[in-house]
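Welcome! Let's take a friendly walk through a protein model, one feature at a time. Have a look at the picture, and then we will begin with a single residue.

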Amino acid sequence: MLSAEKSQTLHDICDIFNLSQLVKGPTCFKKGCNPSLVDVIITNKKNLCFKTINSPNGVSDCHNIISTVVKGNLPAQKRRDVTNRSYKTFDIDEFTNDLQKIKISENCTEKDLNSIYDDYEEDFKNILNKHAPVKSRVKEINHLHVIVYE
């Protein structure tokens, strides 16, 4: 990441997805080579992270340990109920046949019209729920994404 020509693809991805690279200093030190940055920490919430520390670990002749300190309390994951209809077993012919079985009164007065409509709407919903039932699930949303490459 310290060399623009070697990491152009990763820089392009960061630009496209509005991501920030947290590690600024080199993490790989080999004899006879320039220090390089091969350990990458990328996030879309740079303001929640601060202070990246490169510390020699003595285990490898190349890599240092990287510690990233996260500031304050992370926002709680938001939960959202998502509902949709399942059309997995939906059969248009059976659905149409059931709709045609709904009885609508032809002799009605203006006062009865609202009642007839309400009855039709209730029958329609029942048939729709039979053929394409409503499914619901809880979707968790986490807005902090940190990607670590080693």
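## Starting in a loop

Gly25 sits in the loop that runs between strands S1 and S2. Is Gly25 buried, partly exposed or exposed? Its relative accessibility is 23%, so Gly25 counts as partly exposed. If you follow the chain ten residues along from Gly25, you arrive at Pro35, and the C-alpha atoms of these two residues are 9.0 Å apart.

Please keep in mind that you are looking at a predicted model.

## The two strands beside the loop

Strand S1 covers residues 20-21, and it pairs with S2 in the antiparallel sense, over two bridges. Which residue of S2 is the bridge partner of Ser20? That partner is Thr43.

Strand S2 spans residues 40-43, and both of its faces are covered. Here is a helpful idea to hold in mind: in a regular strand, side chains alternate between the two faces of the sheet. Now look at S2 itself: Val40 and Ile42 are on one side, Ile41 and Thr43 are on the other, and all of them are buried.

## The chain as a whole

Now let's step back. How many helices and strands does the protein chain have? There are three helices and seven strands. Reading along the sequence, you meet them in the pattern α-β-β-β-β-β-α-α-β-β. The protein chain has 150 residues, and 20% of them are buried.

## A network of charges

Side chains of opposite charge can pair when their charged atoms come close. A search of the whole structure turns up two salt bridges. In one of them, Lys130 meets Asp98, with 3.1 Å from N to O. This pair links distant parts of the chain, since Lys130 belongs to helix H3 (residues 110-131) and Asp98 to helix H2 (residues 92-100), 32 residues apart.

Asp98 also forms a salt bridge with Lys101, where the closest N and O atoms are 3.8 Å apart. Together, Asp98, Lys101 and Lys130 are linked in a network of salt bridges. Which of these residues are buried, and which are exposed? Asp98 has a relative accessible area of 14%, so it is buried. Lys101 has a relative accessibility of 58% and therefore counts as exposed. Lys130 is exposed too, because its relative accessible area is 60%.

## A cluster of rings

A pair of aromatic rings is described by the distance of the centres and the angle of the planes. The whole structure contains four aromatic pairs. One of them joins Phe90 and Phe95: the centres are 5.3 Å apart and the planes are at 50°, which makes the pair tilted.

The two rings' residues can also be described by their accessibility. Phe90, at 26% relative accessibility, is partly exposed, whereas Phe95, at 10%, is buried. Both belong to one aromatic cluster, formed by Tyr87, Phe90, Phe95, Tyr120 and Phe124.

## The largest pocket

Our last stop is the largest pocket, which holds about 250 Å³ of space. Which residues lie nearest its centre? They are Met1, Ser3, Lys6, Ser36 and Leu37, out of 16 residues that line the pocket. By character, the lining of the largest pocket divides into eight nonpolar, six polar and two charged residues.

Methods: Residues are numbered from 1 along each chain as its sequence is written. This is a predicted model: local features need pLDDT of at least 70, side-chain atom pairs count only at pLDDT 80 or more; totals for chains, interfaces and linings use all residues. Side-chain values use heavy atoms; hydrogens and water are left out. On a 1 Å grid over the protein atoms alone, a cavity is a set of points where a 1.4 Å probe fits but cannot get out, and a pocket is an open set with protein on both sides within 12 Å along at least five of seven lines; lining residues have an atom within 4 Å of a point. Grid points are joined across faces, edges and corners, and a volume is the space filled by probe spheres set on the points. Ala, Val, Leu, Ile, Met, Phe, Trp, Tyr, Cys and Pro count as nonpolar, Asp, Glu, Lys and Arg as charged, and the others, Gly among them, as polar. Rings of Phe, Tyr and Trp (its six-membered ring) pair if their centres lie within 6.5 Å; planes under 30 degrees apart count as stacked, over 60 as edge-to-face and the rest as tilted. Buried means under 20% relative accessible area, exposed over 50%, partly exposed in between (1.4 Å probe, protein chains only). A salt bridge is a side-chain nitrogen of Lys or Arg within 4 Å of a carboxyl oxygen of Asp or Glu. Helices (H or I, at least four residues) and strands (E, at least two) are DSSP runs, numbered from the N terminus. Two strands pair if DSSP finds at least two bridges between them.
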